[in-house]
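I opened this entry to record what I looked up in the model. The notes follow in the order in which I made them.

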Amino acid sequence: MEKIDQNKVPKRKFYTGEEIPAVGLGTFGSDKYGPEAISEAVYGAIKFGYRLIDCAAVYQNEAQIGQVLKRLFDEGVVERKDLFITSKVWNDMHEKVGESCRQSLKDLGLETIDLFFVHWPFPNYHAPGCSGDSRNPDSRPFSVEEFMKTWRQCEELVDQGLVRYIGMSNMTVPKLEAVLPLCRIKPAALEMELHPSFQQPKLFDYAVKHDILPIGYCPLGSPSRPERDRTAEDVADSELPSVAAAAKAHGVHPANICLKWAAQRGQVPIPFSVKEPQYQSNLTCVTEDPLTAEEMEAITRDDRNCRLIKGQVFLWEGAHGWEALWDLDGRITEKE
Ligand SMILES: NC(=O)c1ccc[n+]([C@@H]2O[C@H](COP(=O)([O-])OP(=O)(O)OC[C@H]3O[C@@H](n4cnc5c(N)ncnc54)[C@H](OP(=O)(O)O)[C@@H]3O)[C@@H](O)[C@H]2O)c1
């Protein structure tokens, strides 16, 4: 099988100076792909040269991914130290972070997770696959106190050597302003939605300024996302004029342009695919034929502020709309 030259894959740095690859593989099947297809893609992708794999307990496939990791170690394709594996604590385990982490470690068959995220910054639970307008009566707005209780448990996991770095996901600048001064161990990374039509410049710049690595999810605009995450106003990244023009000029799929843009901007995109030609091109594309400064600027100008993962299933009763989750007026939203 063809393999990528690791030296050609661009790298990004954590605040400690440790490097990770500038592109990783996502593992959320969007209700469309099951654990077997996804774990086989992880196997093929690591054989091809991926070293960063983005996992989560709620994706319900860590056990199958663990089996292919074992296969790869047994076959001598990679050693544990060559890989950078993330996982995340789901909303219903915020009071039992240690238990969640230990289960992920067991499922993945690992002794340590490299980067462990708080997946969403509130304990609002929804059943997998529930409809977009369902509300859990126990759901509530973000609380600094509650979040810090969860974060303290993440810090303990670092102390215990079960995880190497900890990170936050789906945060906003007001929430970060409130919690960062309280952290004993700072987040190494911020996982956030980032693609050409949703560039989040303020949050991105905030993360970079605080030496927190932005990891970009839905880097291709998640064309296979579940129905509950679709609205009529959504923009397809592949159809943005700047992305389409660059795809034509470089003779590649618009998905590859989204990834070149992401890697050159400085975030770490984690595209998902179970299809070999797709996941291979998603890594290869950042090793060759970069976008020009003009193409980068044209994509920057094409930002549509189009959030795809609105998170409406995490809303509390009485909340007016998904915007309440994202502190759009610059303050942490409280219960109306
Ligand atoms: N922290 C969080 O809250 C959070 C939220 C969402 C996602 N994530 C992470 O981010 C990862 C990526 O996000 P995502 O899976 O939603 O979206 P994505 O990576 O933007 O889109 C994935 C889809 O794009 C298509 N695709 C992939 N490579 C392609 C290529 N080279 N050419 C053409 N089409 C291509 C595939 O569609 P087809 O299968 O139809 O071909 C694939 O299913 C997830 O898997 C997960 O690990 C994290």
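**Helix packing and backbone notes**

I began with a pair of helices and found that helix 2 and helix 3 are oblique to each other. The model is a predicted one. I took the axes of helix 2 (residues 62–74) and helix 3 (residues 97–108): they come within 6 Å and cross at roughly 45°. That crossing falls outside the ranges for parallel, antiparallel and perpendicular pairs, the first being under 35 degrees and the last 65 to 115, and is therefore classed as oblique.

I then listed the residues that meet. Glu62, Ala63, Ile65, Gly66 and Leu69 stand on the side of helix 2, and Ser104, Asp107 and Leu108 on the side of helix 3. By character, the residues of this contact comprise four nonpolar, two polar and two charged.

**Core**

I looked up the largest nonpolar core and noted 86 residues in it. Val42, Cys101, Phe116, Ala189, Leu190, Cys258 and Leu259 have the most contacts inside this core. Helix 8 gives the most to it, namely seven residues. I recall that in soluble globular proteins nonpolar side chains tend to be buried together.

I followed Cys101 further. Neighbours within four places in sequence set aside, Cys101 is in contact with Val89, Ile113, Phe116, Leu157, Leu162 and Val163.

**Helix 8**

I checked the length of helix 8 (residues 254–265). Its twelve residues, at 1.5 Å a residue, should span 16 Å, and the end C-alpha atoms are indeed 16 Å apart, so the two values agree.

I next asked how many residues of helix 8 are buried. Ten of the twelve are, and the helix is thus recorded as mostly covered. Among the buried residues I noted Asn256, Lys260 and Trp261. The cover includes strand 9 (213–217), helix 7 (241–250), strand 10 (268–269), helix 9 (276–284) and helix 10 (293–301). Just after helix 8, Gly266 takes a positive phi of about 120°.

**Positive phi outside glycine**

I recorded Ser30, a residue other than glycine with a positive phi near 50°. Ser30 sits in the loop between strand 3 (25–26) and helix 1 (35–48). It counts as partly exposed because it has 15 C-beta neighbours inside 10 Å.

I also recorded Asp327, which is not a glycine yet has a positive phi of about 50°. Asp327 lies in the segment after helix 10 and counts as partly exposed, with 18 C-beta neighbours inside 10 Å.

**Asp211**

Finally, I located Asp211 in the loop between helix 6 (201–209) and strand 9. Asp211 is partly exposed, having 13 other C-beta atoms within 10 Å.

Terms used. Residues are numbered from 1 along each chain as its sequence is written. This is a predicted model: local features need pLDDT of at least 70, side-chain atom pairs count only at pLDDT 80 or more; totals for chains, interfaces and linings use all residues. Helices (H or I, at least four residues) and strands (E, at least two) are DSSP runs, numbered from the N terminus. The expected span of a helix is 1.5 Å times one less than its number of residues. A residue is buried if 20 or more other C-beta atoms lie within 10 Å of its own, exposed if 12 or fewer, and partly exposed in between; C-beta atoms are placed from the backbone. Two residues are in contact if their C-beta atoms, placed from the backbone, lie within 7 Å. Axes are lines fitted to C-alpha atoms, for helices over the stretch in contact, and angles run from 0 to 180 degrees between N-to-C directions. Angles under 35 degrees count as roughly parallel, over 145 as roughly antiparallel, 65 to 115 as roughly perpendicular and the rest as oblique. Ala, Val, Leu, Ile, Met, Phe, Trp, Tyr, Cys and Pro count as nonpolar, Asp, Glu, Lys and Arg as charged, and the others, Gly among them, as polar. A nonpolar core is a set of buried Ala, Val, Leu, Ile, Met, Phe, Trp, Tyr and Cys residues joined through C-beta atoms within 7 Å.
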